[in-house]
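User: I'd like a close look at one strand in this model and at what surrounds it. Could you walk me through that part and then work outwards?

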Amino acid sequence: MSERKETVGVIGVGWVGLVTAACFAELGHPVIARDILQEKVDSLSRGEVSIHEPGLEDLLRRNAERITFTTDMNELLAGARLLFVCVDTPPTYSGDADLSRVRAVVQELPEDGDHVLIMKSTVPAGTGQSIRRDMPNLSYVSCPEFLKEGTAVQDFMNPDRVVIGADPGDEESADAVAGLYEPLGGQILRTDVASAEMIKLASNAFLATKISFINEIANVCEEVGADVGQVAQGMGLDGRIGTAFLRAGIGYGGSCFPKDVSALKMLAGNTGYHFQLLTSVIEVNELQKRRVVGKLEKHLGSLIGKRVALLGLAFKADTDDMREASSLVLAARLQGEGAEVAGYDPVAAERAAGMLASVEMTTSAMEALEGADAAVLVTEWREFAELDWAAAAERMARPLIIDGRNFLDPEVLQAAGFEYEGIGRAISAPRPAPAP
Ligand code: UDX
């Protein structure tokens, strides 16, 4: 008979907490997952999953008997020693991370030496030390989360690395956390708490920097007739650079990059250090979303009364997450210029509707494109690559597309009768229309 595995506790059953709970259950651990929202606990207990994350629902269904959802902290504390804190740390108006939920959780934990607080939430460097100062007997381990939305289950099961930070006195707790991740086979990096916290922030800030960098290169490519895809490929072949995260587009979004870049900038600023580079990374990202408006004006002149279809609204494909999605800024800018905006997203439409109140939500790409003077591809959903673009061109008032993700094949679009423009893409002149 196989040995019974240690129970894992999860506090905060949002996207990170739910993936963590489901994956540890899949690894054979009993899991107790606690959230303060009764409604959420009830629906999860009924097997209803409200977030779109490939593979997650299956995992939860398959391991339903191993996972208990509860609102009761005492039930969690009685059943689990290792407690993963997965509450959110959204940005405040100042750009600092809002730690109120983390603090609320910490206040509920007993300083009994029996439980281990494992911080998965992204917190500013120094948070762990300050929690330990307040609760010196609490065992504290930092274990930042590096999951990507859309591939979170896969990322959890096949980690590039697992970072485990612990300060003197907490080595045994860190060993226990490392033991949970060992079956996954990724590299486990042991370090101190402040360094673990910095690794998370610095990793996301570096990736965001890569994106803003390639976006600026794309903007220059447009001026000199170079192709950013070719440039990125040529750069990426240098092993020191690598090809990942060099896709130019209309800027990064999501729940992590904007928040973490700003949190790192503010963290540095609070110590008196001005993180100049990150100020530019943020500014470039903001401007990149707006450049699409200029591209549309270049083709259409004034946007007053023009109908623009946004294809995709989520911040990236394979998720219904609308947090910091480029579509939000773009829709507002277009409306500010007097355009009528229609939007379509295969998965995020419901979430988007509440955030884009004055955008006409449609239930298909074709419906959004009907009568449109232009389309903007905002999210790289697979179905857009497979769309009947010739039929789409016929439905539009003017078959013009700005491909905000360089996702579509310009030749296919041009053959379908489109004026095509991407981001930093060198495009050959459109093919002449076939003779009647
Ligand atoms: C990110 C980190 O990758 C992950 O490690 C961390 O735990 C959470 O934040 P996620 O927010 O899910 O994950 O999205 P990711 O796939 O990293 O993309 C972030 C944004 O950057 C998206 O808006 C995406 O469209 C954009 N992006 C990404 C680019 O514009 N170009 C690229 O080359 C890559």
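Analyst: Happy to. A good place to begin is strand S13 (residues 400-403), which is covered on both faces: Leu400 and Ile402 are buried on one side, and Ile401 and Asp403 are buried on the other. Please keep in mind that this is a predicted model. The split into two sets of residues fits a general pattern: in a regular strand, side chains alternate between the two faces of the sheet.

Now for the neighbours of this strand. Strand S12 (residues 374-377) runs parallel to S13 and is joined to it by three bridges. Within that pairing, Ile402 in S13 has Val376 standing opposite. Strand S14 (residues 419-421) is also parallel to S13, again with three bridges between them. Here Ile401 has Tyr420 in S14 as its bridge partner. To get from S13 to S14, the chain passes through helix H18 (residues 410-415), making a right-handed β-α-β crossover.

Stepping back, S13 belongs to an open sheet of six strands with parallel pairing, in the order S11-S10-S9-S12-S13-S14. Strand S11 (360-361) and S14 are at the edges, and each has a single partner strand, so one side of each has no neighbour in the sheet. Elsewhere in this sheet, strand S9 (residues 307-311) and strand S10 (residues 340-344) run parallel and are joined by five bridges. One of the facing pairs there is Leu311 with Tyr344 in S10.

Helices pack on this sheet too. Helix H12 (residues 276-300) touches S9, S12, S13 and S14, and its direction makes about 160° with that of S13. Helix H13 (residues 326-336) lies across S9, S10 and S12, and runs at about 180° to S9.

H12 also has a helix partner. Its axis and that of helix H11 (residues 257-270) come within 9 Å and cross at roughly 150°. That angle makes H11 roughly antiparallel to H12. The crossing of H11 past H12 is left-handed. Where they meet, Val261, Ser262, Leu264 and Lys265 of H11 face Leu278, Thr279, Val281 and Ile282 of H12.

For contrast with the buried residues of S13, take Ala353, found in helix H14 (residues 349-355). Ala353 counts as partly exposed because its relative accessibility is 36%. Its C-alpha atom is separated by 29 Å from that of Asp409, with the two residues 56 apart along the chain.

The model holds another open sheet, of eight strands with mixed pairing, in the order S3-S2-S1-S4-S5-S6-S7-S8. Its edge strands are strand S3 (67-70) and strand S8 (187-191), each pairing on one side only. From one strand to the next, the twist averages 25°. Within this sheet, strand S5 (residues 116-119) and strand S6 (residues 139-142) pair in the parallel sense over four bridges, and Ile118 has Val141 in S6 as its bridge partner. Helix H8 (residues 171-181) packs on the sheet, and its direction makes about 165° with that of S8. Helix H9 (residues 193-224) packs on it as well, touching S6, S7 and S8, with its direction at about 145° to that of S7.

A last stop is Thr7, in the segment before strand S1 (8-11). Thr7 counts as buried because its relative accessibility is 14%. Leaving aside neighbours within four places in sequence, Thr7 is in contact with Pro30, Ile32, Gly79 and Ala80.

Key
Residues numbered from 1 in each chain as written. Predicted model: local features only at pLDDT ≥ 70, side-chain atom pairs only at ≥ 80, totals over all residues. Heavy atoms only, no water. Buried < 20%, exposed > 50% of the residue type's maximum accessible area, 1.4 Å probe, protein only. Helix = DSSP H or I, 4+ residues; strand = E, 2+ residues; numbered from the N terminus. Pairing = 2+ DSSP bridges. Right-handed = clockwise from strand over helix to strand, strands pointing away. Contact = heavy atoms within 4.5 Å. Axes fitted to C-alpha atoms, helices over the stretch in contact; angles between N-to-C directions. Parallel < 35°, antiparallel > 145°, perpendicular 65-115°, else oblique. Left-handed = near helix turned anticlockwise from the far one by under 90°.
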